[in-house]
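Work through the exercises below with the sequence and the model open beside you. Each task is followed by a solution in steps.

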Amino acid sequence: MTDARVLLDTAVATTDEMGALGARLAAVLRAGDLVVLTGPLGAGKTTLTRGLGAALGARGQVSSPTFVLARTHPTTSGPDLVHVDAYRLSDPLELDDLDLDWDASIVVVEWGRGFVDGISDSVLDVEIVRATGADAGAPDDDADPDDVPDEPRRVVVTATGPRWAHVTL
(Lines give C-alpha, C1' and ligand atoms only; values in the text may rest on other atoms or scores of the structure.)
Protein backbone atom coordinates (compact mmCIF):
# COMPACT_ATOMS: atom_id res chain seq x y z
CA MET A 1 0.00 0.00 0.00
CA THR A 2 1.20 3.48 -0.81
CA ASP A 3 2.07 5.72 2.12
CA ALA A 4 -0.53 8.21 3.26
CA ARG A 5 -0.10 11.82 2.18
CA VAL A 6 -2.00 14.92 3.12
CA LEU A 7 -3.80 16.39 0.11
CA LEU A 8 -5.37 19.28 2.00
CA ASP A 9 -5.20 20.83 5.45
CA THR A 10 -7.53 23.80 5.65
CA ALA A 11 -9.78 25.87 7.85
CA VAL A 12 -13.50 25.88 7.08
CA ALA A 13 -15.46 28.69 8.73
CA THR A 14 -19.07 28.13 7.62
CA THR A 15 -21.49 25.44 6.55
CA ASP A 16 -21.45 26.94 3.05
CA GLU A 17 -17.67 26.51 2.94
CA MET A 18 -18.04 22.91 4.13
CA GLY A 19 -20.49 22.24 1.28
CA ALA A 20 -18.08 23.89 -1.16
CA LEU A 21 -15.30 21.62 0.09
CA GLY A 22 -17.56 18.65 -0.63
CA ALA A 23 -18.01 19.95 -4.18
CA ARG A 24 -14.24 20.31 -4.50
CA LEU A 25 -13.78 16.69 -3.47
CA ALA A 26 -16.49 15.56 -5.89
CA ALA A 27 -14.40 16.90 -8.76
CA VAL A 28 -11.73 14.23 -8.19
CA LEU A 29 -13.99 11.28 -7.31
CA ARG A 30 -14.94 8.38 -9.57
CA ALA A 31 -16.57 4.97 -9.34
CA GLY A 32 -14.85 2.72 -6.82
CA ASP A 33 -13.63 5.54 -4.61
CA LEU A 34 -13.98 5.20 -0.86
CA VAL A 35 -14.17 8.31 1.32
CA VAL A 36 -14.07 7.98 5.11
CA LEU A 37 -15.37 10.91 7.17
CA THR A 38 -14.25 11.30 10.76
CA GLY A 39 -15.26 13.92 13.30
CA PRO A 40 -17.53 14.45 16.28
CA LEU A 41 -21.27 14.86 16.01
CA GLY A 42 -22.02 18.22 14.47
CA ALA A 43 -18.59 18.49 12.83
CA GLY A 44 -20.02 18.79 9.32
CA LYS A 45 -19.71 15.28 7.88
CA THR A 46 -23.20 15.28 6.42
CA THR A 47 -22.87 18.90 5.29
CA LEU A 48 -19.71 17.97 3.37
CA THR A 49 -21.54 14.98 1.86
CA ARG A 50 -24.44 17.23 0.79
CA GLY A 51 -22.00 19.47 -1.08
CA LEU A 52 -20.39 16.44 -2.65
CA GLY A 53 -23.80 15.08 -3.65
CA ALA A 54 -24.93 18.39 -5.13
CA ALA A 55 -21.79 18.57 -7.26
CA LEU A 56 -22.30 15.01 -8.47
CA GLY A 57 -25.94 15.70 -9.32
CA ALA A 58 -27.22 13.25 -6.71
CA ARG A 59 -30.97 12.75 -6.73
CA GLY A 60 -32.91 12.97 -3.51
CA GLN A 61 -32.08 14.76 -0.30
CA VAL A 62 -28.64 13.89 1.03
CA SER A 63 -29.23 13.58 4.76
CA SER A 64 -27.64 11.65 7.57
CA PRO A 65 -28.26 7.91 7.14
CA THR A 66 -27.86 7.30 10.88
CA PHE A 67 -31.02 5.26 11.29
CA VAL A 68 -31.14 3.55 7.88
CA LEU A 69 -27.34 2.99 7.84
CA ALA A 70 -26.96 3.58 4.08
CA ARG A 71 -28.63 5.53 1.30
CA THR A 72 -27.93 5.23 -2.40
CA HIS A 73 -28.35 8.39 -4.45
CA PRO A 74 -28.35 7.93 -8.22
CA THR A 75 -26.62 10.83 -9.95
CA THR A 76 -27.56 12.67 -13.11
CA SER A 77 -24.41 11.36 -14.77
CA GLY A 78 -21.77 9.05 -13.46
CA PRO A 79 -21.66 6.63 -10.56
CA ASP A 80 -24.16 6.51 -7.72
CA LEU A 81 -23.30 8.18 -4.43
CA VAL A 82 -23.65 5.76 -1.53
CA HIS A 83 -23.77 7.50 1.86
CA VAL A 84 -23.14 5.21 4.84
CA ASP A 85 -23.22 5.93 8.56
CA ALA A 86 -21.27 3.34 10.56
CA TYR A 87 -22.11 4.97 13.92
CA ARG A 88 -24.56 2.24 14.92
CA LEU A 89 -22.52 -0.68 13.60
CA SER A 90 -20.87 -2.86 16.19
CA ASP A 91 -18.68 -4.91 13.87
CA PRO A 92 -17.09 -4.21 10.47
CA LEU A 93 -18.67 -7.41 9.14
CA GLU A 94 -22.05 -5.68 9.37
CA LEU A 95 -21.04 -3.62 6.32
CA ASP A 96 -21.36 -6.81 4.26
CA ASP A 97 -25.03 -7.01 5.23
CA LEU A 98 -25.63 -3.65 3.55
CA ASP A 99 -24.81 -5.18 0.14
CA LEU A 100 -23.09 -2.05 -1.15
CA ASP A 101 -21.76 -1.75 -4.69
CA TRP A 102 -18.25 -0.68 -3.71
CA ASP A 103 -16.79 -0.93 -7.22
CA ALA A 104 -19.43 0.93 -9.23
CA SER A 105 -20.27 3.68 -6.72
CA ILE A 106 -18.62 6.51 -4.86
CA VAL A 107 -18.97 5.39 -1.24
CA VAL A 108 -18.81 7.91 1.60
CA VAL A 109 -18.71 6.38 5.09
CA GLU A 110 -19.26 8.53 8.16
CA TRP A 111 -17.66 7.09 11.31
CA GLY A 112 -15.87 4.63 9.01
CA ARG A 113 -12.42 4.38 10.59
CA GLY A 114 -11.84 0.80 11.64
CA PHE A 115 -14.89 -0.38 9.70
CA VAL A 116 -13.68 -0.16 6.12
CA ASP A 117 -10.16 -1.54 6.54
CA GLY A 118 -9.38 -3.96 3.73
CA ILE A 119 -12.27 -2.91 1.49
CA SER A 120 -10.01 -0.88 -0.77
CA ASP A 121 -6.29 -0.36 -1.14
CA SER A 122 -7.00 3.34 -1.76
CA VAL A 123 -8.89 5.51 0.71
CA LEU A 124 -9.55 9.21 0.99
CA ASP A 125 -9.73 10.02 4.70
CA VAL A 126 -11.37 13.30 5.71
CA GLU A 127 -10.98 14.33 9.33
CA ILE A 128 -13.01 17.27 10.58
CA VAL A 129 -11.91 18.83 13.85
CA ARG A 130 -14.43 21.04 15.55
CA ALA A 131 -12.16 22.89 17.95
CA THR A 132 -14.70 25.15 19.63
CA GLY A 133 -17.74 22.88 19.47
CA ALA A 134 -18.72 20.35 22.06
CA ASP A 135 -19.50 16.76 21.21
CA ALA A 136 -23.28 16.69 21.06
CA GLY A 137 -23.61 13.10 22.29
CA ALA A 138 -25.64 10.41 20.54
CA PRO A 139 -27.91 11.48 17.68
CA ASP A 140 -31.62 11.68 18.37
CA ASP A 141 -34.61 11.13 16.12
CA ASP A 142 -35.56 14.80 15.78
CA ALA A 143 -32.23 16.52 15.20
CA ASP A 144 -29.80 16.60 12.33
CA PRO A 145 -26.44 16.33 14.13
CA ASP A 146 -24.86 18.51 11.46
CA ASP A 147 -27.42 21.29 11.86
CA VAL A 148 -25.28 23.46 14.12
CA PRO A 149 -24.22 27.10 14.07
CA ASP A 150 -21.28 28.13 11.93
CA GLU A 151 -17.96 27.85 13.72
CA PRO A 152 -14.42 27.20 12.53
CA ARG A 153 -13.34 23.69 11.72
CA ARG A 154 -10.07 22.23 10.56
CA VAL A 155 -10.35 19.72 7.75
CA VAL A 156 -7.49 17.38 6.88
CA VAL A 157 -7.81 15.23 3.76
CA THR A 158 -5.35 12.34 3.68
CA ALA A 159 -4.95 10.02 0.71
CA THR A 160 -3.73 6.44 0.98
CA GLY A 161 -3.11 4.03 -1.86
CA PRO A 162 -2.24 4.01 -5.54
CA ARG A 163 -5.51 5.63 -6.70
CA TRP A 164 -4.48 8.90 -5.04
CA ALA A 165 -0.76 8.86 -5.96
CA HIS A 166 -1.06 11.67 -8.53
CA VAL A 167 -4.25 13.43 -7.44
CA THR A 168 -4.14 16.98 -6.11
CA LEU A 169 -6.84 19.15 -4.61
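**Exercise 1: Trp-111 and its ring partner**

Trp-111 counts as partly exposed because its relative accessibility is 25%, where buried means under 20% relative accessible area, exposed means over 50% and partly exposed lies in between (1.4 Å probe, protein chains only). The model is a predicted one, in which local features need pLDDT of at least 70 and side-chain atom pairs count only at pLDDT 80 or more, while totals for chains, interfaces and linings use all residues. Residues are numbered from 1 along each chain as its sequence is written, and side-chain values use heavy atoms, with hydrogens and water left out.

Task: Determine which residue forms an aromatic pair with Trp-111, and with what geometry.

Solution. Begin with the rule: rings of Phe, Tyr and Trp (its six-membered ring) pair if their centres lie within 6.5 Å, and planes under 30 degrees apart count as stacked, over 60 as edge-to-face and the rest as tilted. This rule yields one aromatic pair. Its members are Tyr-87 and Trp-111, at 4.8 Å centre to centre with 65° between the planes, which is an edge-to-face arrangement. Next, place the partners, with helices (H or I, at least four residues) and strands (E, at least two) taken as DSSP runs numbered from the N terminus: Tyr-87 is in the loop between β4 (81–85) and α3, Trp-111 is in the loop between β5 and β6, and the two are 24 residues apart. Finally, Tyr-87 counts as partly exposed because its relative accessibility is 30%.

**Exercise 2: Backbone angles**

Task: Find the sign of phi at Asp-99 and at Trp-111.

Solution. Most residues other than glycine have a negative phi. For Asp-99, phi is near 50°, a positive value; for Trp-111, phi is near 60°, also positive. Asp-99 is located in the loop between α3 (94–97) and β5, and it counts as exposed because its relative accessibility is 69%.

**Exercise 3: The nonpolar cores**

Task: Identify which residues of the largest nonpolar core touch the most other members.

Solution. A nonpolar core is a set of buried Ala, Val, Leu, Ile, Met, Phe, Trp, Tyr and Cys residues joined through side-chain atoms within 4.5 Å. The largest one has 27 residues, of which Leu-52, Leu-81, Leu-124, Val-126, Val-155 and Val-157 touch the most other members. Elements that give two or more residues to this core include α1 (15–26), β6 (123–129) and β7 (153–160), and α1 gives the most, with four residues. A second, separate core of 14 residues includes Val-82, Ala-86, Val-107 and Val-116.
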